[in-house]
Amino acid sequence: MMDHAHDLACVRAATDRLLTALAALDNAALAGPSRLPGWSRGHVLAHLARNADALVNVLEGRPMYASAEARDADIEEGAPRPLEIQVADVRDSAARLQAAGEVPADWSRTVELRNGVTDSASRVPFRRWAEVELHHVDLGIGYELEDLPAEFAERETGFLAERFSGHSDIPAIRLTDGTRAWITGRGADVPGITVTGRPADLLGWLAGRRDGAALEVAGGELPKLPPL
């Protein structure tokens, strides 16, 4: 079981970094495009706020979102709000999630996320940590994959490698940054493809944030990964 208390502290620190960065923006910058297709920076912040509330729902045994349509509508509705309101919403929703995480509970219990996905409650804080870190990068305001905490980058790489493990459309792959290694894709005793790169480039490719051009590939071509 994951150390949920440690991860909640990491979420708090990541949120503080994000809020500090947002203080340098203005309404014009907020309305500008993020790195996510079709989303402004306002969309990203609205999503982060509603995701925090959705994870409170998960921890308290309610559906994560009322529906996919409601989730999307809330993001669209929240996207054009002024910076001051957006920042307050990100801060306050994050505080609600932290409060929910401090309630004594059985962290080994199974919870349900979106689309019928289930997981241990103890992994919910790490999932939120990933949301905050990667979407901070998606804002395109100076925080890059290279700036991610080393612990997070290693754990998220492992998480995504596990997520793609056993996927029939992905050949067996050995991922390595020269020090650590992960196996993903279709099961095989010896993966036929080895992908080598810096931690930021490996994570960026797995997370759909980079095209993999900076990676070295041996034993075949760089596989195309399905969207997350």
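Leaving aside its neighbours within four places in sequence, with which residues is leucine 175 in contact? Select leucine 175 in this predicted model and display its surroundings: the contacts are Ala161, Arg180, Ala181, Trp182, Thr184, Val195, Leu202, Trp205 and Leu206.

**The strands around leucine 175**

Next, select strand E3 (173–176) together with strand E5 (193–196). E3 and E5 pair in the parallel sense, over four bridges. Within E5, valine 195 is the bridge partner of leucine 175.

Keep valine 195 selected and add strand E6 (residues 216–218), which is joined to E5 by three bridges and runs antiparallel to E5. In E6, the residue opposite valine 195 is valine 217.

Now colour E5 by face. Ile193 and Val195 form the covered face, whereas Thr194 and Thr196 form the uncovered one.

**Helix H8**

Move to helix H8 (residues 199–206), where seven of the eight residues are buried, so the helix is largely enclosed by the rest of the structure. The buried residues to select are Ala200, Asp201, Leu202, Leu203, Gly204, Trp205 and Leu206. Among these, Leu202, Trp205 and Leu206 have already appeared as contacts of leucine 175. To see what covers the buried residues of H8, display helix H7 (150–164), E3, strand E4 (181–184) and E5, which are included in that cover. After H8 comes glycine 208, with a positive phi near 75°.

**The nonpolar cores**

Widen the view to the largest nonpolar core, which has 45 residues. The residues with the most contacts inside this core are Leu22, Leu148, Phe152 and Leu175. Two or more residues of the core come from each of H1, helix H3 (41–59), H5, helix H6 (124–138), H7, E3, E5 and H8. A second, separate core has 15 residues, among them Leu55, Met64, Ala121 and Val124.

**Helices H1 and H5**

Finally, select helix H1 (residues 4–22) and helix H5 (residues 83–101). How do their axes cross? The axes come within 11 Å and cross at roughly 170°; the two helices are therefore roughly antiparallel to each other. On the H1 side, show Leu8, Val11, Arg12, Thr15, Leu18, Leu19 and Leu22 as the residues making the contact. Their counterparts on H5 are Leu83, Val87, Val90, Arg91, Ala94, Gln98 and Gly101. Colouring this contact by class gives nine nonpolar, three polar and two charged residues. Leu22, part of this contact on H1, is also one of the residues with the most contacts inside the largest nonpolar core.

Definitions and conventions. Residues are numbered from 1 along each chain as its sequence is written. This is a predicted model: local features need pLDDT of at least 70, side-chain atom pairs count only at pLDDT 80 or more; totals for chains, interfaces and linings use all residues. Side-chain values use heavy atoms; hydrogens and water are left out. Axes are lines fitted to C-alpha atoms, for helices over the stretch in contact, and angles run from 0 to 180 degrees between N-to-C directions. Angles under 35 degrees count as roughly parallel, over 145 as roughly antiparallel, 65 to 115 as roughly perpendicular and the rest as oblique. Contact means heavy atoms within 4.5 Å. Ala, Val, Leu, Ile, Met, Phe, Trp, Tyr, Cys and Pro count as nonpolar, Asp, Glu, Lys and Arg as charged, and the others, Gly among them, as polar. Buried means under 20% relative accessible area, exposed over 50%, partly exposed in between (1.4 Å probe, protein chains only). A nonpolar core is a set of buried Ala, Val, Leu, Ile, Met, Phe, Trp, Tyr and Cys residues joined through side-chain atoms within 4.5 Å. Two strands pair if DSSP finds at least two bridges between them.
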